[in-house]
Amino acid sequence: MKYRMRAVPLALFILLTAGAACAQDLAFSIGTWSFLPDAAGKLPGGTPGVFPSFGATYGITRYLEAGVAIIPRLTPKPFDDIFVEEHVGVSLFGERVKASGGPAVYINTLLDAGFIFGAHNVISGAPVYSRALFLRITPITLGNPYYGRRDRMLSVGLVYDYDANSTSLFVSLIAADFYLAPRQKAR
Amino acid sequence: MKIQSRGAILLLFLAFLSASVFPAFAKEKASYYYSVSMEGFSSPLFSASEYADFSASIEVSPRDAINPAFSMHYLLPANPLAIGDSLAGISIDLTLFYLEDHPLAWMSPRKTSLAPQLSAAAYVPIADLGNLRYTVSLSPFRLFAGYGYFSIGAFSLVLDPSFTVSGWGLRLFDFSYLKF
């Protein structure tokens with residue numbers, strides 16, 4: 001069981017690396033990430049605070065994409081908790097890119113599954129670590145690589161920390177993807 | 001208490017002064033906008049929560065350099081949710097300039113102007129109206145996009161009632177929508 005759990009992030013990493021090699025729609029991303037307490041009232045970050053998300057997404061196929069992000073604590077103790085996530089996502093209501101190069105579906109829904117690794121007490125003491133799987137749905141995405149920009153809104157996710165055997169929710173109110181090589185700049 | 005009251009009265013005076021005097025010099029009439037933002041603090045004067053700030057503003061000299069605005073705020077500890085610890089606030093917000101050719105144009109598919117803002121705000125817990133605290137903040141990455149403003153990464157200093165720095169804060173984002 002333990003080895004299988006270790007294999008999850010490794011498999012994701014290989015998948016993401018392979019995807020990056022052929023991706024035409026590489027984007028970097030900024031967003032928010034709000035951890036909510038589990039049933040016992042415990043937060044994945046231990047205490048409340050503000051966590052932005054800085055990452056990258058890139059296309060694997062017309063429907064599939066992958067991404068990585070770093071999610072550091074900024075308040076009240078900057079960088080005392082640092083999370084790193086990697087995920088694969090599928091666009092549910094249409095292609096994210098058209099093979100023809102034309103505009104794909106502008107409004108879409110995104111389903112992501114991934115792994116999140118946490119380092120805690122990084123600044124304030126002896127670091128401890130956490131590992132978890134997550135599933136996230138983003139009901140509204142606006143834009144795609146064709147437009148050079150995509151906004152992901154009101155994402156809700158479920159995190160399962162398999163070491164602590166606890167489940168909690170997280171919310172990302174908004175995240176923006178800025179594509180490095182836009183095919184078309186909308187004006 | 002005396003210093004707190006003086007600070008609040010001064011801020012209110014400046015806010016009303018700017019709201020009443022500046023329109024006389026403005027090229028266009030005042031415009032109104034509402035905003036939502038997410039921020040956090042590292043200060044004993046604010047809890048460690050993620051705060052949602054809802055505000056309504058009047059800007060007295062839209063699109064002019066040195067464009068002052070007067071805002072009212074409702075600051076809600078949103079995560080974890082603590083409605084009882086909400087704060088009310090007022091602020092004077094100064095858009096320093098509007099720069100049409102700017103290095104952040106890539107952030108939006110729309111034509112934007114860089115419009116950094118400097119703000120001074122006074123907050124009071126709704127449950128304890130005598131307990132003032134202040135913030136001075138700078139939003140360097142704030143863009144005007146026609147329909148309103150959006151900003152990421154504002155930094156603020158938290159001041160206690162005697163105007164001594166007692167911490168800092170970060171605003172992750174702010175979206176403002178012009179009403180008219």
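What share of the contacts in chain B with a separation of 6 or more is accounted for by residues 24 or more positions apart? The figure is 60%, so a natural starting point is the way each chain is put together in this predicted model. In chain A, 59% of the contacts between residues at least 6 apart in sequence join residues at least 24 apart.

Chain A has one helix and nine strands, and going from the N terminus its elements read α-β-β-β-β-β-β-β-β-β. Chain B has one helix and 10 strands, laid out along the sequence as α-β-β-β-β-β-β-β-β-β-β. As for burial, 37% of the 187 residues in chain A are buried, while 39% of the 180 residues of chain B count as buried.

Some of the strand pairing in chain B can be followed residue by residue. Strand E1 (residues 31–42) of chain B pairs with strand E2 (residues 50–59) of chain B in the antiparallel sense, over nine bridges. Here Ser37(B) sits opposite Asp53(B) in E2(B). E1(B) also pairs with E10(B), again in the antiparallel sense, over 10 bridges. On that side, Met38(B) is the residue opposite Phe173(B) in E10(B). As a general point, side chains in a regular strand alternate between the two faces of the sheet.

Next come the nonpolar cores. In soluble globular proteins, nonpolar side chains tend to be buried together. The largest nonpolar core in the model has 19 residues, and the ones with the most contacts inside it are Phe46(B), Leu75(B), Ala121(B), Ala122(B), Tyr123(B), Tyr134(B) and Val158(B). Two or more residues of this core come from each of strand E3 (67–79), strand E4 (87–95), strand E6 (117–125) and strand E9 (148–159) of chain B. E6(B) gives the largest share, four residues. Apart from this core lies another, of 16 residues, including Ala69(A), Leu74(A), Phe83(A) and Phe170(A).

The two chains also touch each other. On one side, 21 residues of chain A are in contact with 16 residues of chain B. Strand E1 (27–32) and strand E9 (166–179) of chain A each supply at least two residues of the side of chain A that touches chain B. The largest share of that side, three residues, comes from E9(A). Sorted by class, the side of chain A that touches chain B has 13 nonpolar, six polar and two charged residues.

A few spots in the backbone deserve a look. Most residues other than glycine have a negative phi, and most peptide bonds are trans. In chain A, the peptide bond from Thr75(A) to Pro76(A) is cis, with omega near -10 degrees. Pro76(A) belongs to the loop between strand E4 (64–72) and strand E5 (81–91) of chain A. Chain B has a cis peptide bond from Asn79(B) to Pro80(B), with omega near 0 degrees, and Pro80(B) is placed in the loop between E3 and E4 of chain B.

Positive phi values turn up in both chains as well. Asn165(A), a residue other than glycine, has a phi near 50 degrees. Its place is in the loop between strand E8 (149–161) and E9 of chain A. Is Asn165(A) buried or exposed? Asn165(A) counts as exposed, because there are just 7 other C-beta atoms within 10 Å, and the cut-off for exposed is 12 or fewer. In chain B, Phe163(B) is not a glycine either, yet has a positive phi of about 65 degrees. Phe163(B) lies in the loop between E9 and strand E10 (165–178) of chain B. With 13 other C-beta atoms within 10 Å, Phe163(B) is partly exposed.

One more loop residue rounds off the picture of chain B. Pro116(B) is found between strand E5 (113–114) and E6 of chain B. Why does Pro116(B) count as partly exposed? Pro116(B) has 19 C-beta neighbours inside 10 Å, and a residue is buried if 20 or more other C-beta atoms lie within that distance. Which residues does Pro116(B) contact, leaving aside neighbours within four places in sequence? They are Leu96(B), Ser139(B), Pro140(B) and Arg142(B). In addition, the C-alpha atoms of Pro116(B) and Ser151(B) are separated by 8.6 Å, with the two residues 35 apart along the chain.

How values were computed
Residues numbered from 1 in each chain as written. Chains lettered and ligands numbered in written order. Predicted model: local features only at pLDDT ≥ 70, side-chain atom pairs only at ≥ 80, totals over all residues. Contact = placed C-beta atoms within 7 Å. Nonpolar A, V, L, I, M, F, W, Y, C, P; charged D, E, K, R; others polar. Core = buried A, V, L, I, M, F, W, Y, C linked by C-beta atoms within 7 Å. Pairing = 2+ DSSP bridges.
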